[in-house]
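Work through the exercises below with the sequence and the model open. Each task is followed by a solution in steps.

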Amino acid sequence: MIKPISTLLSLSALAISTLALPATAANLDIKITNLTNGIYFTPLMIAAHNANTHLFQAGDVASANVQAMAEGGVTSGLAMFAQSMGADVIEDAANGLLGPTTSATINLTNSGSNNFLSLTAMMLPTNDGFVGLDSLQIPTAPGTYTYFLNAYDAGTEANDELITGGGAIGVAGIPADPGADAGNGGTGVSMIDNNTHIHIHRGTLGDTDLNGGISDLDSRIHRWLNPVAQIQITIN
Amino acid sequence: MNITSSILITMVVVTMVLAGCNDNKSTVSEYSVQIMNLTDNQPLAPVAVVLHQSGYHVFSAGTAASPALELLAESGDPVDIIAEANNSTNVLSTAATATATLPGENSQLTLQGTDNDTVLSLAAMLVNTNDGFIGIDTLNLGDMQRGDTLTLLTNVYDAGTEANSETTTTIPGLGGEGFNIARDDHDLIGIHPGVISMDDGLNSSGLDQSHRFDNPAARITVTRVK
C-alpha cells in the first residue's frame with residue numbers, strides 16, 4: 001500500500017486551495033484505466049470546472065444526481081448540473097462500459113477558470129458504488145501526471161448484493177453484471193446502510209455459491225481494494 | 001483539555017517562540033483540524049491530535065507501539081498519548097475530541113503552533129477492531145500560510161499489540177475488553193489487513209459484513225486560521 005499512500009499525499013499537496021490560479025485554457029489528454037478484477041465502470045463522466053463546483057463530496061449526503069449515477073449509471077443529471085455551473089463536460093468518456101483492466105483516452109480543452117477536474121462512474125455490479133475524483137487541481141506545466149482513484153459508496157442504497165435489475169433511484173438491488181459472473185438466489189448481504197453519507201466503499205462481500213448463499217456476487221471475482229482506477233493526465 | 005494543561009501548553013508555545021527569536025517569522029499560529037469518518041460502520045474513538053516539532057512521533061510504522069499508543073489502539077482512550085505529548089518539550093499543543101466520531105460525521109479541534117516548525121500527528125481507534133487505528137505520522141504544516149487548507153486521506157494501521165481475533169469479548173465497540181497489557185501479535189505497527197467478519201466465514205468473529213473497511217478510512221482537513 002505504500003504507493004497509494006504517497007499518491008494520496010501528493011494529491012493532498014495539490015489541494016492547497018489558495019494558490020493563484022492562471023485563467024488560461026489547457027488541452028489535456030486524459031487516460032482512465034479500470035484497475036479492478038471484475039468490476040465494470042458505467043458511462044464515465046468527466047468535468048473541468050471552477051473551484052466552487054463539486055460533482056460530489058465525501059461526507060455529504062448524495063444529491064439526487066449522484067444517487068442516479070451511483071444506483072443506475074445515469075449521468076444526465078450530473079452533466080446538466082455541471083454545465084449549469086459553466087463546466088466543460090464529457091458525459092461518456094469511454095463510449096459505454098469500461099471493463100476490468102481496460103483503458104480509455106479522451107481529449108479535453110478546459111476553458112476560463114475551469115481548473116479543477118472531477119470524474120464519476122457507477123461500478124457494476126454494486127448497489128451504489130462509484131469511482132470518483134473530486135476537484136483535482138489540473139497541473140499547468142506540460143507533462144504527464146498519474147493519480148489513483150478510490151471507490152465510494154453513495155450511502156443511498158443498502159448493499160444487498162442481489163442482481164434484481166433495480167437501477168432506478170430508491171429501487172433495491174443491482175441492475176446487472178456486465179461480466180455475467182454473478183449468480184442468483186442470494187438471501188441478501190445488508191438491508192441497511194449504516195453511513196448514509198458518501199463514504200469509502202467497504203468492498204463487496206460476495207460468496208462462492210452461485211445458486212444461493214448470502215450474495216449473488218462472486219467473492220473470487222467481484223472484490224476490489226482501493227485504488228480502483230488510474231488516471232494519467234497529459235498537459236499538451 | 002482542562003485549564004491547567006491549557007496553561008502548560010501556552011507556556012510551551014511561548015518557550016518555542018522565544019527559542020525561535022532569531023527567525024522574524026516565528027509567531028503563534030493556529031490550526032483548525034477536521035476529522036471526517038469515511039467508514040460504513042467503524043466509529044472513531046476520541047481522536048488525539050498533537051502539534052509538535054520535527055523529531056517527535058506519536059507512532060511510526062515498522063516500529064513497536066508505545067504503551068500509550070497500545071492503550072489508544074486497543075481501548076480507544078487517548079489519555080496517555082496526550083499526557084505523554086504534554087510532557088515533551090518538543091510538543092507545541094495537544095487536543096482530543098471528547099466523544100466518538102461516527103461514520104459520516106465530522107469532528108473539529110483547534111490547536112496552536114508556531115510559524116516555522118509545526119508538524120501534525122494524530123491517532124484514533126476504529127472501535128470495531130482489536131487494535132486498528134487511523135493515524136498520521138508527521139504531516140509538516142510549516143509551509144502553510146494563513147487561510148491555506150490541506151486535505152489528507154488516512155489509512156488504517158494495525159498497532160500489532162493484540163491478535164486480530166475479532167471475538168466479541170476482545171472488541172470494545174461490541175462491549176468487549178479494551179486494553180490488555182499482553183502483546184500477542186507481531187508487535188510492530190503496519191497497515192491493517194482488514195477485518196474478516198462472521199459473514200465471510202470467520203465463525204468466531206463478533207463482527208459482521210458492515211464492519212469491513214477499505215482505505216482510506218478518514219479525511220483530515222487542516223486549515224491555518226491564524
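**Exercises**

Pro125(A) lies in the loop between β6 (116-124) and β7 (129-137) of chain A; strands are DSSP runs of E of at least two residues, helices runs of H or I of at least four, both numbered from the N terminus. This is a predicted model, in which local features need pLDDT of at least 70, side-chain atom pairs count only at pLDDT 80 or more, and totals for chains, interfaces and linings use all residues. Residues are numbered from 1 along each chain as its sequence is written, and chains are lettered from A and ligands numbered from 1 in the order in which they are written.

**Task 1.** Describe the peptide bond from Leu124(A) to Pro125(A).

Solution. Read omega: the value is near 0°. The bond is therefore cis by the record of its geometry.**Task 2.** Locate Pro216(B) and describe the bond before it.

Solution. Start with the position: Pro216(B) is in the loop between β9 (190-191) and β10 (218-224) of chain B. Next take the bond from Asn215(B), which is cis with omega near -5°.

**Task 3.** Is Asn95(A) buried or exposed?

Solution. Find Asn95(A) in the loop between β4 (88-90) and β5 (103-110) of chain A. Its phi is near 55°, a positive value in a residue other than glycine. Then count neighbours: Asn95(A) is exposed because it has 10 C-beta neighbours inside 10 Å. The cut-offs are 20 or more other C-beta atoms within 10 Å for buried, 12 or fewer for exposed, and partly exposed in between, with C-beta atoms placed from the backbone.

**Task 4.** How does Ser197(B) count by its C-beta neighbours?

Solution. Ser197(B) sits in the loop between β9 and β10 of chain B, and has a positive phi of about 85° although it is not a glycine. With 19 other C-beta atoms within 10 Å, Ser197(B) is partly exposed.
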